[in-house]
Amino acid sequence: MTHPLRPNGYKRRGPRPARLSAVFAAFALALVVAACGSSSSSSSSSGSAGASSGSSSGSSGSGSAGVTKATSNLQPFKAAPTKINVTTPLKSAPSGSKTLVMLATNNPSNVELQQYLKQLAGLVGWNYSQVSYDPANPATFGAAVDTALTKHANYIAEAGVPLTSALTQKVQQAGAKWVLTAVYPVVVKPPIIVVSDSYKNDAIMGKIIGDFFVSDSGGKGNAVIEHIPAYPILNGFTDAFQAEVKAMCPNCKTSLANITIPDLVAGKVPSTLVSALRSNSSANYLVFDDGPFAAGINSALSAAGLHPKIIGEAADQTNIAALKAGTQTAWTGFDPVYSTYQMMDAMLRDAQGMPIPQEQESTQPTQLLTKETVGSITNWSEPKDALAQFKTLWHVQ
């Protein structure tokens, strides 16, 4: 499918966020990276809802007070953002030539990151190359790192795969630095200079959707939350959602429906969630920790005679169309392309010996998308002139 061009000449992102490619990459490499996590730690199987984490009194004091505060919290997120997070310009325009190497897969989302990083490197006069690896074969990832170092990489970029201490140390000893996106768990310290699309980014969206749930339900909601425990970064969303609901809504209830990666790959998410909803007959909301995971859910719910409101983080093209049609209720906006701007911004600051504003580089602007706020967009990509704003900070045309 061909997508329209943005004003800056870049293609709009497709319907699948970059984080989804990281799900499969992280799972494939879990055998060699213990920190990647496992769904076996979940207290509920992929076919049933977990224990309720709501219904206890929160800090809001009363249900009505919590609803009022949650509603107020949503106001700043109803309009599309117009400003990027980073505000401090570089000391000067980029000078000299650095080499950026991307560790690449053939996943469409990863390919998109490759394309954008290549264009950004060219924009500032840097060398760009990439080294491919197979997420299904963990040994190829280490080999790709070795190859990247033979290319005299100053910076190595990758998405989704947790790093072993050995690989981290190898890159540091070679004098190179890591630039990451959608990686968790990770500590940002040399040789890792930045992690865009971080755990905190998911947590921000979890709080927004939690506030929407409390406000929209009038303090009486009961939500089943789809969750992939094998992808730890998504805990940022589910944990923040549940914490916000608990704080704002003593009468609300939440429960987790955990999905395994094999069931995700096999297309069993809709049937798993139908089972979870049937086990919780009072549930009136279904929450997703990533937009693409809702694929096929509307038809499955309709066939089962179930009609919960569908909400979640990181809307894709299908979710946005469903918002317009009124078959889904609320999502947050997310643009994986924005993370490439942050990655490049961090590298440029590092190259000039400038501090990297980690808080700003690890999160991105978002928006609460509903039928009322979604407008005429097909894909969410805000601010629309984000690259132009970054280029102003970089002193480049």
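Colleague: What makes helix 4 count as lying across strand 2, strand 3, strand 4 and strand 5?

Modeller: Contact here means heavy atoms within 4.5 Å. In this predicted model, helix 4 (residues 138–150) lies across those four strands, running at about 165° to strand 2. Helix 12 (residues 336–351) also packs on the sheet, touching strand 2, strand 4, strand 5 and strand 6. The direction of helix 12 makes about 160° with that of strand 6.

Colleague: How do you know that strand 5 pairs with strand 6?

Modeller: Pairing needs at least two bridges. Strand 5 (residues 177–181) and strand 6 are joined by 4 bridges, so they pair, and they run parallel. Val179 has Val194 as its bridge partner in strand 6.

Colleague: Why are the rings of Tyr184 and Tyr199 called stacked?

Modeller: Their centres are 4.6 Å apart, and the cut-off for a pair is 6.5 Å. Their planes meet at 25°, under 30 degrees, so the pair is stacked. Tyr184 lies in the loop between strand 5 and strand 6, Tyr199 in helix 6 (residues 199–216).

Colleague: Why is Tyr184 called partly exposed?

Modeller: Buried means under 20%, exposed over 50%. Tyr184 has 29% relative accessibility, so it falls in between. Tyr199, at 26%, is partly exposed as well.

Colleague: What makes the pair of Tyr338 and Phe390 edge-to-face?

Modeller: The planes are at 65°, and over 60 counts as edge-to-face. The distance is 5.7 Å centre to centre. Tyr338 lies in helix 12 and Phe390 in helix 14 (residues 386–394), so the pair ties together parts 52 residues apart in sequence. Both Tyr338 and Phe390 are buried.

Note on methods: Residues are numbered from 1 along each chain as its sequence is written. This is a predicted model: local features need pLDDT of at least 70, side-chain atom pairs count only at pLDDT 80 or more; totals for chains, interfaces and linings use all residues. Side-chain values use heavy atoms; hydrogens and water are left out. Helices (H or I, at least four residues) and strands (E, at least two) are DSSP runs, numbered from the N terminus. Axes are lines fitted to C-alpha atoms, for helices over the stretch in contact, and angles run from 0 to 180 degrees between N-to-C directions. Rings of Phe, Tyr and Trp (its six-membered ring) pair if their centres lie within 6.5 Å; planes under 30 degrees apart count as stacked, over 60 as edge-to-face and the rest as tilted. Buried means under 20% relative accessible area, exposed over 50%, partly exposed in between (1.4 Å probe, protein chains only).
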